Amino acid sequence: LNLSRGGLTIANVEADAKAVVSVFGPTNEYKVPSLYQSAPSFTIEGRGFSSETKNLVKFRYDLEQDKDFIALFVTSEVLRLVELLPGSKWIKDGSKLPLPLIVLAVDAGSGFINQGPVGTMRTGVTVALIYEDPIIESSHRQIHRTHTHSLTIRGNGFSQDYAPYLQFESNPNIEIFIDVINRTHMSLMLVGAWIPASSGFLNVTSIDTGAGPVRFDPAVTIAHVIEDSEDNLGVTVQSNLTKVLYEFSGPHTDQIISILGSGFQPEIKLELDPDMEIGIDYELEYISSNQLNLKRIHNKKWKHTKSGALLVKSITMKDITYNLGGAAGGIKIATVLNDPEVEESLETLIYSSYSKYMKITGSGLRSLY
């Protein structure tokens, strides 16, 4: 132990500062808030805040006190309100969000004190999780009430780290799958109908992309919904708006899809979209003039369009072809989802209690509400 020199040095101990100030980070009992860039205010918890002198806060990002924010004393040694000044953002570059907002140091009158867990390098404390301000662009593109199966929304602030939640004015119980393409585009895949009525406007009243609902007043129109195209007289196929299955695997993958309608004959051919070949991909069984059964052949997959729809485009009987769905290009008989897969990750490190979020990556992962 190098006794001739008095032992080994394991730490340099300095005197305590006259006033100890600390900011609390996330724990089992305390969860930091999730905020949008332009959130007007939030509180941070800690101890040692001063009611007599100005409390100075230094953030990791480019935030200047009294220009971007002001710090207001609330109670001694417990809470302090940090209020954003008009026109500023907590983290300016939305393309990198969501990110934690980190306090590096605090000065309650006796100089700046670095923040961080005791026994560490004190590189800062997370006091909030910041999301980009969500925006939805208005659009009046025409879609069919049930025959249009997907819709792309443009805007800003869409995150793949949090499944967006939308509220609709005319159809609060709409059932859709959401796929975030990037921060400016997301795709809605319909299971039922866009609106209950035969026609009207599809309006979004609020969106939550991670930090709570943002309400739009007035509501944002994203589509003009028109009536479905009429089928040929005497030969019809009913849209199946509730049938949801996987391509191949999983407990919800049915091997049989029933097609209901009218005017079916024993000698009948179907044109499907995407193209599936009878005898190779599926077998067709005539049940009655009102029902057909498609049976998936073993080790084959149900195919689907980018919107997840399996469509009947036309029916041919006695050399007569009946086109279905009009301009929509077919009638949906099922919603087919990609088989979900989760990628193994040995590099993701999380704490048992401090980590509040964990990102799972893979394919075929969608959010449904």
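These legends go with a set of close-up views of one predicted protein model.

**Figure 1. The whole protein is built from strands, with zero helices.** Before zooming in, take a look at the full chain. You can count 29 strands here. Out of 369 residues, 40% count as buried. Now think about which residues touch each other: among contacts with a separation of 6 or more, 67% are between residues 24 or more positions apart. The accessible surface adds up to about 20,600 Å², and carbon and sulfur atoms hold 50% of that.

**Figure 2. Four strands line up in an open sheet.** Follow the order β18-β20-β23-β22, and you'll find that the pairing is antiparallel. Which strands sit at the edges of this sheet? They are β18 (236-237) and β22 (282-288), and each of them pairs on one side only. Between those edges, β20 (residues 256-262) and β23 (residues 291-296) are joined by five bridges in the antiparallel sense. To find your place in this pair, look for I259, which stands opposite L292 in β23. As a bit of background, strands of a sheet pair through backbone hydrogen bonds, and they can do so in a parallel or an antiparallel way.

**Figure 3. Strand β26 is largely enclosed by the rest of the structure.** Why can we say that β26 is largely enclosed? This strand covers residues 331-337, and seven of its seven residues are buried, so the rest of the structure largely encloses it. Two of its partners are worth finding. Strand β19 (residues 244-246) runs parallel to β26, with three bridges joining them. Strand β24 (residues 309-317) runs antiparallel to β26, and here the number of bridges is four. A handy landmark is T335 in β26: V244 stands opposite T335, and A309 stands opposite T335 too.

**Figure 4. F59 and W90 make a tilted pair of rings.** In general, a pair of aromatic rings is described by how far apart the centres are and by the angle of the planes. The count of aromatic pairs in this protein is five. For F59 and W90, the centres are 6.4 Å apart and the planes meet at 55 degrees, so this pair is tilted. F59 belongs to strand β4 (residues 56-59), while W90 is in the loop between β6 (79-84) and β7 (99-107), so the pair ties together parts that are 31 residues apart in sequence. Buried or exposed? Both F59 and W90 are buried. They also have company: ring pairs link F42, F59, F69 and W90 into a cluster.

**Figure 5. Y131 and Y162 meet edge-to-face.** Here the ring centres are 6.3 Å apart and the planes are at 70 degrees, so the pair counts as edge-to-face. Y131 comes from strand β9 (residues 125-131) and Y162 from the loop between β12 (150-156) and β13 (165-168), so parts 31 residues apart in sequence are tied together. How buried or exposed are the two partners? Y131 has 4% relative accessibility and counts as buried, whereas Y162, at 29%, counts as partly exposed.

**Figure 6. The charged end of K58 sits over the ring of F112.** This view brings together a charge and a ring. The charged end of K58 is 4.4 Å from the centre of the F112 ring.

**Figure 7. Two peptide bonds leading into a proline are cis.** Start with the bond from L97 to P98, which is cis with omega near 5 degrees. P98 is part of the loop between β6 and β7. Then move to D217 and P218, where a cis peptide bond has an omega of about 5 degrees. Where is P218 found? P218 lies in strand β17 (residues 213-226).

**Figure 8. D66 and K318 have positive phi values.** D66 is a residue other than glycine, and its phi is near 70 degrees. You'll find D66 in the loop between β4 and β5 (69-73), where D66 is partly exposed with a relative accessible area of 44%. K318 is also a residue other than glycine, with phi near 55 degrees. Its spot is the loop between β24 and β25 (320-323), and at 67% relative accessibility K318 counts as exposed.

Methods. Residues are numbered from 1 along each chain as its sequence is written. This is a predicted model: local features need pLDDT of at least 70, side-chain atom pairs count only at pLDDT 80 or more; totals for chains, interfaces and linings use all residues. Side-chain values use heavy atoms; hydrogens and water are left out. Two strands pair if DSSP finds at least two bridges between them. Helices (H or I, at least four residues) and strands (E, at least two) are DSSP runs, numbered from the N terminus. Rings of Phe, Tyr and Trp (its six-membered ring) pair if their centres lie within 6.5 Å; planes under 30 degrees apart count as stacked, over 60 as edge-to-face and the rest as tilted. Buried means under 20% relative accessible area, exposed over 50%, partly exposed in between (1.4 Å probe, protein chains only). A charge sits over a ring if NZ of Lys or CZ of Arg is within 6 Å of the ring centre and within 35 degrees of the ring normal. Contact means heavy atoms within 4.5 Å. Accessible areas come from the Shrake-Rupley method with a 1.4 Å probe; for residues, only the protein chains shown count as cover.
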